[in-house]
Amino acid sequence: MDFHYIEDIVKLEGERTTIKGWLQNKSSKGKIQFLWIRDGTGIIQGVMVKGEVSDEVFELYDQLTQESSLEVTGIVRKDQRAPGGYELNLSDVKIVQIAQDYPITPKSHGSTFLFDHRHLYLRSKRPRAVLKVRDELIWAIRSYFYKNNFVLIDTPILTGAVGETTTTLFETEYLNEGTAYLAQTGQLYLEAAIASFGKVFCFGPTFRAEKSKTRRHLTEFWMVEAEEAFYDNEENMDLQEDLVVYFVDWILEKCQKELKELERDISALEKVQKPFPRISYDEAVEKLQKAGSDIQWGSDFGGTDETILTKMFERPVFVYDYPKVCRAFYMKPHPEREGVVLCADLLAPEGYGEIIGGSQRNDDYESLKKRIEEENLPKDAYRWYLDLRKYGSVPHSGFGLGVERTVVWICGLSHIRESIPFPRTIYRLYP
RNA sequence: UGGGGUGUAGCAGAGAGGCAAUGCAUCCGGUCGUUAACCGGGAGAUCGGAGGUUCGAAUCCUCCCGCCCCAGCCA
């Protein structure tokens, strides 16, 4: 290659090198001019002093605009005054393309404007930091499952009428087979795969056509789901706890720079250590009522309830054993309590709320069949799922973790749209 | 789908019946070390749209449109 990356600049001190990238900003002091160049791996300051470069190159400065693409050549110099400690003493500047009126200026903008220009906004510092954390989070999760002998099972995105309940699904014509739905979970397919591999996971986009207009919802989001044969609800929680501690450690190790850029309180993340508190749904309701919530036993927590509850803890907290009425049909009934199912949600602390939903699955043919009938689900579509309870059914559990909500928590964001490169929300399909 | 709010120059943002501030971006000039630089000057707005009240409307009223926030649903 005839150029170097900014991340390698330290090794090149004293050498002449070429950097290719984009002009983040520039500044002129008359006889000395600065260019800040970004190449994807970092940012470096280029310096041109009148008399030390040819007049021809020095005057190119006037043509350069924010986000113009360029190739610059110069000698790498250590200098206290440079951001990052190193700068490039320029001898040559080649313009690749001049950007015309880049819309995102280095001043404040509203969120509507920024997300209308998401294709350009991706270049800004804050989105870069968030998306880097997202990337590391995904690597961490995959690494965890790989190390723990989970097998990746890619579940279908186009599905028939199977899913969790009757939440609104995106529909599309499917050749001669009628209507297909975009997947809202891969779980049922993972349950099929455990009899083959024991421990499996899937990682993909999921879709919900709910017209939610909150800071916690996207219509397209990424979910990692795991399913484990012979795990009960307790063991399922142990696994989730282990996974969360693993990826938080990973991010703390690899993303210091990004978390600092986002002004995240790192000490709050450092408190994410085992064991996580585990409270029953009954206890949670009691705590909430004492805190002034008007929640009644039998209903699910609202966003406000989750916020109140998680602010009571410094670590993520499990809430287990919810009423059957507010959970999905496939969860295993509690052996000793009528109307309660074996499940647990993991709520992130500091008010962030639910990031994982998990449960022990109903492994009994008759009782599951009855639940499917009770929920008025299309029986034919679930025939194969019921089959799994006929041929070597075993106790098993699993969970789903929302990638974006986890990114929101780790980065300390206030809106989920920042946690994904191109958010799809109720009113946004572009860019 | 409800409840609340908002819309003024490319962007951000004052003005709340009487000549539409200001900052950034842009254009011109200046400045030998900047970190969202600074100093001086110029240009840029039929105030979201359509009606109405008024001598006079960005400002008050009605309807429409866009967006934001909150709730529900959930990851």
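User: Which side chain does R278 meet in a salt bridge?

Analyst: First, the general idea: a salt bridge here is a side-chain nitrogen of Lys or Arg within 4 Å of a carboxyl oxygen of Asp or Glu. In this structure, R278 pairs with D238, at 2.7 Å from N to O. That pair links distant parts of the chain, with R278 in strand β12 and D238 in helix α6 (residues 233–254), 40 residues apart. Helices (H or I, at least four residues) and strands (E, at least two) are DSSP runs, numbered from the N terminus.

User: Before we go on, what kind of model is this, and how are things numbered?

Analyst: It's a predicted model, where local features need pLDDT of at least 70, side-chain atom pairs count only at pLDDT 80 or more, and totals for chains, interfaces and linings use all residues. Residues are numbered from 1 along each chain as its sequence is written, chains are lettered from A and ligands numbered from 1 in the order in which they are written, and side-chain values use heavy atoms, with hydrogens and water left out.

User: Back to that pair: how exposed are R278 and D238?

Analyst: The scale goes like this: buried means under 20% relative accessible area, exposed over 50%, and partly exposed in between (1.4 Å probe, protein chains only). R278 is partly exposed at 24%, and D238 is partly exposed too, at 38%.

User: How many salt bridges does a search of the whole structure find?

Analyst: The search finds 31. One of them joins R134 and E404, at 2.9 Å from N to O. This pair also links distant parts of the chain: R134 sits in helix α4 (residues 125–147) and E404 in helix α13, 270 residues apart. R134 is buried, with a relative accessible area of 7%, and E404 is buried as well, at 1%.

User: What about E314: which residue does it form a salt bridge with?

Analyst: That's K271, with the closest N and O atoms 3.4 Å apart. E314 is in the loop between α10 and β13 (317–320) and K271 in the loop between α8 and β12, so the pair ties together parts that are 43 residues apart in sequence. E314 counts as exposed at 54%, whereas K271 is partly exposed at 35%. Salt bridges can also form a network, and K324, K370, R371, E374 and E375 are linked in one.

User: Now the RNA. Which residues come nearest to strand B?

Analyst: A residue is near a strand if one of its heavy atoms lies within 4 Å of it. Around RNA strand B there are 48 residues, and S28, R81, H109, R215 and R405 come nearest. Of the strand's atoms within 4 Å of the protein, 45% belong to sugar or phosphate and the rest to bases.

User: Which side chains have an N or O atom by a base oxygen of strand B?

Analyst: A polar contact is a pair of N or O atoms within 3.5 Å; within protein, one must be able to donate a hydrogen and the other to accept it, and residues adjacent in sequence count only if both atoms are side-chain atoms. For base oxygens of RNA strand B, the side chain of S212 has an N or O atom at 2.5 Å, that of H217 at 2.9 Å and that of R405 at 2.3 Å. The elements giving two or more residues to the surface near the strand are β1 (16–28), β2 (32–38), α2 (111–116), β11 (220–229), α10 (303–310) and β15 (353–360).

User: Strand β2 came up there. Is Q33, in that strand, buried or exposed?

Analyst: Q33 is buried, at 4% relative accessible area. Its side chain reaches the backbone oxygen of F58 at 3.1 Å.

User: Let's try backbone geometry. What is the sign of phi at E67?

Analyst: Positive, about 75°, although E67 is not a glycine. E67 is in the loop between α1 (55–60) and β4 (69–78) and counts as buried at 7%. E263 has a positive phi too, about 55°, but E263 is exposed at 73%.

User: And where are the cis peptide bonds?

Analyst: One joins K274 and P275, with omega about -5°, and P275 lies in the loop between α8 (266–270) and β12 (278–280). The bond from Y430 to P431 is also cis, with omega near -5°; P431 is in the segment after α13 (403–411).
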